[in-house]
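Grab a coffee and work through a few short exercises on the structure below. Try each task yourself before reading its solution.

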Amino acid sequence: RYRIAYAAQDEASAKVVADRALARAAQVTLDAGNEWFEVQSKIDGKLDGHNTQTLVIVMGKGESLAGGPKQYDAKQTLASLKGKIG
């Protein structure tokens, strides 16, 4: 299990922070030599007035777990978010 935390340095919206946290989870997954990750829990919050998000993920390669809605292909996720996270 890995914990991915993202805190905005600017006035980023909650949606932008969520996209950036998801992109970071995808990058960590690829860096670890894995192909997919599953979000097991998510916590949205505020820190000094800025949006934050923390994800707890598990990752793997090859055949994935149950294939539920919280499971992501790391390469596809990173590619789809590339233009959104600036």
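The exercises below deal with a predicted model.

**Exercise 1. The core**

Task: Find out how many residues the largest nonpolar core has, and which elements supply at least two residues each.

Solution:
- Start with the count: the largest nonpolar core has 14 residues. Those with the most contacts inside it are Ile-4, Leu-22, Ala-25, Phe-37, Val-39, Leu-55 and Ile-57.
- Next, sort by element. At least two core residues each come from helix H1 (14-31), strand E2 (36-47), strand E3 (50-60) and helix H2 (74-81).
- H1 gives the largest share, with 6 residues.
- As background, nonpolar side chains in soluble globular proteins tend to be buried together.
- Now zoom in on Phe-37. Skipping neighbours within four places in sequence, its contacts include Leu-22, Ala-25, Ile-57, Tyr-72 and Thr-77.

**Exercise 2. Two helices**

Task: Work out whether H1 and H2 are parallel or oblique to each other, and describe their contact.

Solution:
- A packed helix pair is described by the angle between the axes and the distance between them.
- Here the axes of H1 and H2 come within 9 Å and cross at roughly 140°.
- Over 145 degrees would count as roughly antiparallel, so H1 and H2 are oblique to each other.
- For the handedness, H1 passes H2 in a left-handed crossing.
- On the H1 side, the contact uses Asp-19, Leu-22, Ala-23, Ala-26, Gln-27, Thr-29 and Leu-30. They meet Ala-74, Lys-75, Thr-77, Leu-78 and Leu-81 in H2.
- By type, the contact splits into 7 nonpolar, 3 polar and 2 charged residues.

**Exercise 3. A backbone oddity**

Task: Say where Asp-48 is found, and whether it is buried or exposed.

Solution:
- Asp-48 sits in the loop between E2 and E3.
- Its phi is positive, about 50°, even though Asp-48 is not a glycine. Most residues other than glycine have a negative phi.
- The cut-off for exposed is over 50% relative accessible area, so Asp-48, at 72%, counts as exposed.

**Exercise 4. Sequence versus space**

Task: For Ala-18 and Lys-42, then for His-50 and Ala-26, give the C-alpha separation.

Solution:
- Ala-18 lies in helix H1 and is partly exposed at 22%. Ala-18 and Lys-42 are 24 residues apart in sequence, and their C-alpha atoms are 9.6 Å apart.
- His-50 lies in strand E3 and is also partly exposed, at 22% relative accessibility. His-50 and Ala-26 are 24 residues apart along the chain too, and here the C-alpha atoms are separated by 23 Å.
- What does His-50 touch, then, not counting residues up to four places away in sequence? The answer is Ala-8, Gln-9, Asp-10, Glu-11 and Gly-45.

Methods. Residues are numbered from 1 along each chain as its sequence is written. This is a predicted model: local features need pLDDT of at least 70, side-chain atom pairs count only at pLDDT 80 or more; totals for chains, interfaces and linings use all residues. Side-chain values use heavy atoms; hydrogens and water are left out. A nonpolar core is a set of buried Ala, Val, Leu, Ile, Met, Phe, Trp, Tyr and Cys residues joined through side-chain atoms within 4.5 Å. Buried means under 20% relative accessible area, exposed over 50%, partly exposed in between (1.4 Å probe, protein chains only). Helices (H or I, at least four residues) and strands (E, at least two) are DSSP runs, numbered from the N terminus. Contact means heavy atoms within 4.5 Å. Axes are lines fitted to C-alpha atoms, for helices over the stretch in contact, and angles run from 0 to 180 degrees between N-to-C directions. Angles under 35 degrees count as roughly parallel, over 145 as roughly antiparallel, 65 to 115 as roughly perpendicular and the rest as oblique. A crossing is left-handed if the near helix is turned anticlockwise from the far one by less than a right angle, and right-handed if clockwise. Ala, Val, Leu, Ile, Met, Phe, Trp, Tyr, Cys and Pro count as nonpolar, Asp, Glu, Lys and Arg as charged, and the others, Gly among them, as polar.
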